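Let's take a walk through this structure together. Have the sequence and the 3D view open side by side, and follow along as we go from one residue outward to the whole chain.

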Amino acid sequence: MNRFTTFGLAAALSLGLLGSGANAADDAHGKLPTRQSWSFAGPFGKFDQAQLQRGFQVFREVCSTCHAARYLNFRDLSEEGGPGFSEAQVKALAAEYDIQDGPDDRGEMFKRPGRPADRFPWNYPNPEAAKATLGVVPPDLSLMAKARSYARGFPMILIDALAQYQEHGVDYVYALLNGYSDSKDANHNDYFPGGKIGMAKPLADNRVDYTDGSPKTTQQYAKDVSAFLMWLAEPKLEERKQTGFKAMVFLILFAGLMYLTKKKIWAAAH
Ligand code: HEC
């Protein structure tokens, strides 16, 4: 085998591998989501507060009619690094919900207005009730943006690791919400593995009334609610990224100091 054949073989092989990565997109796996640009991506990523607030509005007015978010407490909404609602806003918001509490001193359960420390309530008393109405139990959305992912195949898996691409999950959620392409079948979704999903298209243009002038389109709603779900899945994302950056700066400075120290000590020995 001469050098050219070897080269040719290697090239063909790597192209084949690249190709097989892209082909992971068959019906059984669902189409490959496209990468979106997110404010929270990359080493300096930060959530966009206005976007998180809009995303919460979409979650609250649309998604939460079916889905639970059991790790969301009202007061999280005013925590640093989140949507940035004021404590007064959160208090007022919580009070709009009836929360089951008890038992009281007669042994009875009762309803009372929500408080900031309460968990965001689910619309259904239990999964069975949700299933009886919807046919399938809608999964809890608390960790969804990190729980779902998709295979990008070799060699993208290596490239993604190097490029610190960590938004597979949120890109999937965004693609899923925009993935209803078949006008004859309301439950067909291009991105859902198998193509048939138990959730009919939840979003439509003008469904949620934004007050900050952002476009009232399915795409914008999908983008905002996906960002919100990312925050919900990783509320300390900003802190983690900042700590990582500080650690890198520290290590670089420390390496410099060690180098100077080494030079000084060994200079004396000559
Ligand atoms: C009418 C009820 C309903 C509404 C409203 C709704 N969903 Fe769903 N959703 C479901 C059900 C049911 C499933 C389970 C589908 C299945 O497994 O086939 C589901 C599944 C999902 C999944 C998981 C898909 C997967 O990979 O397993 C995501 C993500 C999701 N919904 C996000 C949302 C978001 C975001 C919203 C709000 C914009 C929303 N849903 C609104 C009922 C709903």
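In which loop does Gln166 have its place? Gln166 sits in the loop between helix 6 (156-162) and helix 7. Before going further, please keep in mind that this is a predicted model. With a relative accessible area of 35%, Gln166 is partly exposed, because partly exposed is the class between 20% and 50%. Leaving aside residues up to four places away in sequence, Gln166 touches Met230, Arg240 and Lys241. You can also look from Gln166 towards Ser149: the two are 17 residues apart in sequence, and their C-alpha atoms are 9.7 Å apart in space.

The loop that holds Gln166 has another residue to look at. Gln164 is found in the loop between helix 6 and helix 7 as well, and its phi is positive, at about 55°, although Gln164 is not a glycine. Most residues other than glycine have a negative phi. At 42% relative accessibility, Gln164 counts as partly exposed.

Step from this loop into helix 7. How many of the residues of helix 7 are buried? The count is 10 of 10, and the helix is mostly covered. Along the helix, the buried residues are His168, Gly169, Val170, Asp171, Tyr172, Val173, Tyr174, Ala175, Leu176 and Leu177. If you look around helix 7 for what does the covering, you will find helix 5 (144-147), helix 6 and helix 8 among the elements that cover these buried residues.

Beyond helix 7, the chain enters the loop that leads to helix 8, and here we can turn to the metal. Which residues coordinate the iron atom of the ligand? They are His67, through its NE2 atom, and Met199, through its SD atom, at 2.0 to 2.1 Å. His67 belongs to the loop between helix 2 (49-61) and helix 3 (87-95), while Met199 belongs to the loop between helix 7 (168-177) and helix 8 (218-233), so the pair ties together parts that lie 132 residues apart in sequence. Why is the arrangement around the iron atom octahedral? The 6 donor atoms subtend angles of 84 to 178° around the iron atom of the ligand, and this makes the arrangement octahedral. As for exposure, His67 is buried, with a relative accessible area of 10%, whereas Met199, at 22% relative accessibility, counts as partly exposed.

Two cysteines are worth a look too. Cys63 counts as buried, at 16% relative accessibility, and Cys66 counts as partly exposed, at 25%. How many disulfides does a search of the whole structure find? The search finds 0.

The loop between helix 7 and helix 8 also contains Asn206. Asn206 is a residue other than glycine with a positive phi, near 65°. At 59% relative accessibility, Asn206 counts as exposed.

Now let's turn to the peptide bonds. Most peptide bonds are trans. Where, then, are the cis bonds to look at? One cis peptide bond joins Gly102 and Pro103, with omega at about 0°, and Pro103 lies in the loop between strand 1 (98-101) and strand 2 (110-113). Another cis bond runs from Phe154 to Pro155, with omega near 5°, and Pro155 lies in the loop between helix 5 and helix 6.

With these places in mind, zoom out to the chain. It contains 9 helices and 2 strands, and read along the sequence they follow the pattern α-α-α-β-β-α-α-α-α-α-α. Of the 270 residues, 34% count as buried. Among contacts with a separation of 6 or more, 60% are between residues 24 or more positions apart. The accessible surface of the chain comes to about 16500 Å², and 60% of that belongs to carbon and sulfur atoms.

Finally, a word on confidence. The mean pLDDT of the chain is 90, and 89% of its residues reach 70 or more. Over residues 18-25, pLDDT stays under 50, and the model has 13 contacts beyond four places in sequence for them. Where pLDDT is low, the predicted coordinates should not be read in detail.

Technical notes
Residues numbered from 1 in each chain as written. Predicted model: local features only at pLDDT ≥ 70, side-chain atom pairs only at ≥ 80, totals over all residues. Heavy atoms only, no water. Donors = N, O, S within 2.8 Å, 3.2 Å for Na, K, Ca; no water. Tetrahedral: all angles 85-135°; square planar, octahedral: opposite > 155°, others 65-115°. Helix = DSSP H or I, 4+ residues; strand = E, 2+ residues; numbered from the N terminus. Buried < 20%, exposed > 50% of the residue type's maximum accessible area, 1.4 Å probe, protein only. Contact = heavy atoms within 4.5 Å. Areas by Shrake-Rupley, 256 points an atom, 1.4 Å probe, with all protein chains shown as cover. pLDDT = per-residue confidence, 0-100. Disulfide = S-S within 2.5 Å.
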